[in-house]
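Please look through the sequence and the structure shown here, and then follow the explanation below, which goes from the whole chain to single residues.

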Amino acid sequence: MSRVKLCEGCKKEYNVMYRVQYKTDRLWYFLCKSCVVEVKRNNHHYRYGGTWKG
Ligand SMILES: [Zn+2]
C-alpha cells in the first residue's frame with residue numbers, strides 16, 4: 001500500500017502532494033495538484049515549498 005496524505009483543499013487522499021503557502025497565515029499546507037492550480041491564481045501569498053511523494 002502506498003502512503004497518502006489528505007489534501008487540505010478538497011479533503012481527498014493523494015500520494016503526490018504539493019507543499020505550499022497561500023494564505024496570510026504563512027503556514028505550509030499540503031494540496032493536490034488541482035487545488036494548487038486553484039489557489040495560486042492571482043495569489044501573491046502563494047509560495048511553493050516542494051513536492052511530497054508517498
Ligand atoms: Zn485537493
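A residue is called buried when its relative accessible area is under 20%, exposed when that value is over 50%, and partly exposed in between. With that cut-off in hand, and bearing in mind that this is a predicted model, one can say that buried residues make up 28% of the 54 residues in the protein chain. The accessible surface of the chain comes to about 4100 Å², and carbon and sulfur atoms account for 49% of that surface.

The secondary structure consists of one helix and five strands, and a reader who follows the sequence from its start meets them in the pattern β-β-β-β-α-β. The radius of gyration of the protein chain is 11 Å, close to the 10 Å that the globule rule gives for 54 residues, so the chain is as compact as a globular protein of that length. Taken along the principal axes, the box that the C-alpha atoms fill is roughly 35 × 15 × 15 Å. Among the contacts in the chain with a separation of 6 or more, 39% are between residues 24 or more positions apart.

What does a buried residue touch in this model? Val20 can serve as an example, since its relative accessible area of 0% is under the 20% that marks a buried residue. Val20 belongs to strand β3, which covers residues 16–21, and, leaving aside residues up to four places away in sequence, Val20 touches Leu27, Trp28, Tyr29, Leu31, Val36, Tyr46, Arg47 and Tyr48. Of these partners, Tyr29 and Leu31 can be placed in strand β4, which runs over 29–31, while Val36 falls within helix α1, residues 33–40. A further relation in space links Val20 with Thr51, for the two are 31 residues apart in sequence, and their C-alpha atoms are 9.1 Å apart.

The loops offer another view of the chain. Arg26 lies in the loop between β3 and β4, where its phi is near 55°, a positive value in a residue other than glycine; at 65% relative accessibility, Arg26 counts as exposed. Asn42, in the loop between α1 and β5, likewise has a positive phi in a residue other than glycine, here near 50°, and with 79% relative accessibility Asn42 counts as exposed.

Is Asn43, which is found in the loop between α1 and β5, buried or exposed? At 19% relative accessibility, Asn43 counts as buried, because the cut-off is under 20%. Asn43 and Lys23 are 20 residues apart in sequence, and 8.6 Å separates their C-alpha atoms in space.

The charged side chains complete the picture. The protein chain has 12 positive and 4 negative side chains, and the centres of these two sets lie 7 Å apart. Side chains of opposite charge can pair when their charged atoms come close. How many salt bridges does the count give? The count comes to one salt bridge, which Arg41 forms with Glu38, the closest N and O atoms being 3.6 Å apart. Both Arg41 and Glu38 are exposed.

Methods: Residues are numbered from 1 along each chain as its sequence is written. This is a predicted model: local features need pLDDT of at least 70, side-chain atom pairs count only at pLDDT 80 or more; totals for chains, interfaces and linings use all residues. Side-chain values use heavy atoms; hydrogens and water are left out. Helices (H or I, at least four residues) and strands (E, at least two) are DSSP runs, numbered from the N terminus. The radius of gyration is taken over C-alpha atoms; the globule rule is 2.2 Å times the number of residues to the power 0.38. Buried means under 20% relative accessible area, exposed over 50%, partly exposed in between (1.4 Å probe, protein chains only). Contact means heavy atoms within 4.5 Å. Accessible areas come from the Shrake-Rupley method with a 1.4 Å probe; for residues, only the protein chains shown count as cover. Lys and Arg count as positive and Asp and Glu as negative; His and the chain ends are not counted. The place of a charge is taken as NZ of Lys, CZ of Arg, CG of Asp or CD of Glu. A salt bridge is a side-chain nitrogen of Lys or Arg within 4 Å of a carboxyl oxygen of Asp or Glu.
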